[in-house]
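Open the model in your viewer and keep the selection tool at hand. The stops below go from the ligand to a pocket and end at a helix.

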Amino acid sequence: MSFLQHLLSDLKIQFSVSMFYRSASFSDIFSYTAYRQLSQMFLAILFFHGSEYILALASHGRSNVTLNSLLISKNYLFAMIFSLLEYFIEIALVPGLKELWWVSNLGLGMVIIGEIIRKTAIITAGQAFTHLIRIRHEDHHKLITNGIYGFVRHPGYCGFFIWSVGTQIMLCNPVSTIAFVVVVWRFFAQRIPYEEYFLRQFFGSQYVEYAQRVPSGVPFVS
Ligand SMILES: C[S@@+](CC[C@H](N)C(=O)[O-])C[C@H]1O[C@@H](n2cnc3c(N)ncnc32)[C@H](O)[C@@H]1O
C-alpha cells in the first residue's frame with residue numbers, strides 16, 4: 001500500500017471514529033426521543049397555522065385575510081412556550097417520563113385526528129367559517145348542517161380541542177396537558193353560547209331545531 005493509501009485509510013478510520021463519538025455524545029444531550037417529539041411538535045404547529053392561513057385565503061380572498069388568520073395570539077404563544085419549558089425541564093430531570101411511547105403516540109394520533117376534524121369543518125363551512133364571530137347577518141351566510149356539521153355543531157372547536165390537548169400528550173407533558181384541557185375547554189364553553197346567540201338571531205327556529213338535534217362536539221357544553 002502506498003503512503004497516500006495509508007493516509008487516506010487512516011483519515012477514513014479517524015473520521016468514522018470521530019463521527020461515532022460525536023453522535024454518541026450528541027445523543028446524550030439531544031436524545032432521539034427529544035428530537036422526534038420536538039420535530040413532531042414543530043411540524044404539527046407549522047402545518048396547523050399554515051393550513052389555517054391558506055384555507056382562509058381560499059375561502060375569503062386575499063383582501064379579507066390578515067395575519068390574524070394565522071391564529072397566533074399572545075396567550076397562545078405563552079401557552080406553547082410554557083409547554084416547551086415544561087418539556088425541557090422534565091426531559092432533563094425525569095427523562096423516563098418522555099419514553100412513554102404509547103402515550104406520545106396517542107397524542108400524535110389526537111393531533112392528526114383533531115387536525116382532520118378541524119380542516120374538514122373549515123372546508124365544509126367555506127365562507128361561513130370566519131375566524132372572528134359574525135355579529136351581523138350577511139346575505140351569503142347560510143346555515144351549514146351538512147357533512148361533519150351533521151354530527152357536531154362545532155367541529156372546528158372540537159378539532160382544535162383534540163389537536164391542542166394532543167400536542168401536550170404527544171410531548172408527555174402532564175402539567176400542560178391538564179392546563180390545556182382546562183384553558184381550552186373554558187374558552188370554548190364561553191365562546192359557544194356567545195356564537196350561538198347570534199346564530200339563533202340569524203337563523204331563528206332553523207338553528208334552534210338544529211341545536212336540539214346535534215350535540216356541540218365539545219364535552220359538557222350543551
Ligand atoms: C370560527 S368559526 C367556527 C364555526 C363552528 N363553531 C365550528 O366550530 O366549526 C365561527 C363562525 O362560524 C359561523 N358558524 C358557526 N356555526 C355555523 C353553522 N352551522 N352554519 C353557518 N355558520 C356557522 C359563526 O357565525 C361564526 O361567524
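For sorting residues by class, Ala, Val, Leu, Ile, Met, Phe, Trp, Tyr, Cys and Pro count as nonpolar, Asp, Glu, Lys and Arg as charged, and the others, Gly among them, as polar. By that scheme, the shell around the ligand holds ten nonpolar, four polar and four charged residues. This is a predicted model, in which local features need pLDDT of at least 70 and side-chain atom pairs count only at pLDDT 80 or more, while totals for chains, interfaces and linings use all residues. Residues are numbered from 1 along each chain as its sequence is written, and side-chain values use heavy atoms, with hydrogens and water left out.

Select the ligand first, together with the residues around it (a residue is near a molecule if one of its heavy atoms lies within 4 Å of it). Of the 18 residues found there, Thr130, His141, Tyr149, His154 and Glu195 come nearest. H5 and helix H6 (174-203) each supply at least two residues of this shell, helices being DSSP runs of H or I with at least four residues, numbered from the N terminus.

Next, show the backbone atoms of three residues. A polar backbone atom of isoleucine 144 is 2.9 Å from a nitrogen atom of the ligand, and one of glycine 156 is 2.9 Å from a ligand oxygen atom. At alanine 128, a backbone N or O atom lies 3.2 Å from an oxygen atom of the ligand. Taken alone the ligand exposes 550 Å², of which the protein buries 98% (accessible areas by the Shrake-Rupley method with a 1.4 Å probe).

Now move to the second largest pocket by selecting Gln40, Leu43, Ala44, Phe47, Leu108, Val111, Ile112, Glu115, Ile116, Trp163 and Met170, which line it. A pocket here is an open set of points on a 1 Å grid over the protein atoms alone, where a 1.4 Å probe fits, with protein on both sides within 12 Å along at least five of seven lines, and lining residues have an atom within 4 Å of a point. Its volume, the space filled by probe spheres set on the points, is about 170 Å³. H4 gives the most to the lining, with five residues.

Finally, select helix H2 (32-60), whose 29 residues reach 42 Å from first C-alpha to last, close to the 42 Å expected at 1.5 Å a residue (1.5 Å times one less than the number of residues). Glycine 61 follows H2 with a positive phi, near 85°.

Terms used: Polar contact = N/O pair within 3.5 Å; in protein donor to acceptor, adjacent residues only side chain to side chain.
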